[in-house]
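Student: I should like to take a close look at one part of this structure, namely a pair of packed helices. Please place that part within the chain as a whole.

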Amino acid sequence: MLDLPSIDDAAARRRRADASVSIADLFTIGIGPSSSHTIGPMRAAYRFTLAIQEAGLEPSVTGLRIELYGSLALTGKGHGTDAAVILGLSGREPEKVEPAEIAAVVEDVRRSGALMLGRSKRVAFVEGLHLLFRMGEFLPVHPNGMRFTALDGDRPILAQQYYSVGGGAIVLDGEDVAARDRGSNFRLRFPFSSAAELLAIGQENDLRISDIVLANEQSWREESETLDFVDRVRNAMLACIERGCAHGGILPGGLKVRRRAKALHEELIKTATTVDPSRIFDWVSLYALAVNEENAAGGRVVTAPTNGAAGVLPAVLKYYETFCAGATPAGSRNLLLTAAAIGALYKKRASVSAAEMGCQGEVGVACSMAAAGLAAALGGTNEQVENAAEIGMEHNLGLTCDPIGGLVQIPCIERNTMGAVKAINAARLALRGDGSHYVSLDAVIETMRQTGRDMQSKYKETSLGGLAVNVVEC
């Protein structure tokens, strides 16, 4: 069993609880296949190029050395971490890079043995020499560690260490995010670090959870800008479903996994007049399949809260807009804002990184977020919303992350369909009650954290256990 580092100590947990989490930290419009292994490393590489420029060292840089540790080393090839680092060093950001240009940029670097550092200076870059996968080695603090070094000849002139902590978020070694947010000009109107506090704020101020989130977001931007962002997220999610339904073929990576969404979509259209209430769940599964096949193909998706779990929330959102009587644009905003509040609680009190929590921290959290959002959109009280979120996670506890071949394909794609269906069921169960229930959301989040801490490391995104070793790659 590997001895992975963890940020699960009490001090780190306090820092997490103190940190402010914006809706923009939960939802990132980026590319697949992985938020922690693709988007995070791309962001870190891009940020390192900015650090070189800010230090005035760009004229002196003749080469680079990038070292990947822990889960990034063990499953980075399957998750596209190598390509992500190349893209970031070449001046590309996950939110802005066009999926169509990725292959050409990476191929040019591999063919020429050089890259345009930050798009401004050409430096030598040969993957086998300058991008190193440190198998079985781990940096302190977090399993997803990266070390970037700028070289003048053989002499290091700048080195930085980053951690990809889940959902595409990165942390520079030694950076105190909570301290940054505690600056004199930063203050949340309704700060909360637990579901109990969130419910109390709602009761004291007669506010829905989505209203609380919207008020807090004004610490970062105007309300109109936040609503525009929510609408962009909604549109990107639904556009991803449409693209996934339009594309067939085989997914990249060597497993030869066939894309199923296109054929399923065509079949459902052809048999649209069939009377069978359970067909609704065929559509929900289709929506999730479409998104996660796009993700596996490196297409544009929304982290929600991660790429590996990117299909759950869009599938439930599409279900709401398509099958729920009285669905409105305001209801879709309510759904996404409420889901963001629940996702923030998991980031504050546990983690959304599979390298720390297993898949319960990805699909489990996405299910919890989607259940809460749907309950809110359907008119549930804050207490019913909290109950839906709790049900969504309670029945995903212990879910491992053991992708075959290190690819975000098996079991990840189908697992999103299951998460979406569970989320709908959780919301409907909660709405049938009055909001009172035995297990609180805070208790289930803490249980998830403890379960993730106790889970054997081989089941946490290393491809060293479970399906990854019991299914022969073909």
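Student: With 474 residues, what radius of gyration does the protein chain have, and what would a compact globule have? Beyond that, how do helix 17 and helix 18 pack?

Tutor: The model is a predicted one. The radius of gyration of the protein chain is 22 Å, which agrees with the value near 23 Å for a compact globule of 474 residues. The C-alpha trace spans about 65 × 55 × 45 Å along its principal axes, and the chain holds 21 helices and 9 strands. Of the 474 residues, 59% are buried. Counting contacts between residues at least 6 apart in sequence, 77% join residues at least 24 apart.

Turning to the pair itself, two packed helices are described by the angle between their axes and by the distance between those axes. Helix 17 covers residues 363-377 and helix 18 covers residues 382-394; their axes lie 7 Å apart, at an angle of about 155°. Because angles over 145 degrees count as roughly antiparallel, helix 17 is roughly antiparallel to helix 18. The crossing of helix 17 past helix 18 is right-handed.

On the side of helix 17, the contact is made by G364, V365, C367, S368, A371, A372, A375 and A376. Their counterparts in helix 18 are Q384, V385, A388, A389, E390, G392 and M393. Sorted by class, this contact between helix 17 and helix 18 comprises 10 nonpolar, 4 polar and 1 charged residues.

Notes: Residues numbered from 1 in each chain as written. Predicted model: local features only at pLDDT ≥ 70, side-chain atom pairs only at ≥ 80, totals over all residues. Heavy atoms only, no water. Axes fitted to C-alpha atoms, helices over the stretch in contact; angles between N-to-C directions. Helix = DSSP H or I, 4+ residues; strand = E, 2+ residues; numbered from the N terminus. Parallel < 35°, antiparallel > 145°, perpendicular 65-115°, else oblique. Left-handed = near helix turned anticlockwise from the far one by under 90°. Contact = heavy atoms within 4.5 Å. Nonpolar A, V, L, I, M, F, W, Y, C, P; charged D, E, K, R; others polar. Rg over C-alpha atoms; globule rule 2.2 N^0.38 Å. Buried < 20%, exposed > 50% of the residue type's maximum accessible area, 1.4 Å probe, protein only.
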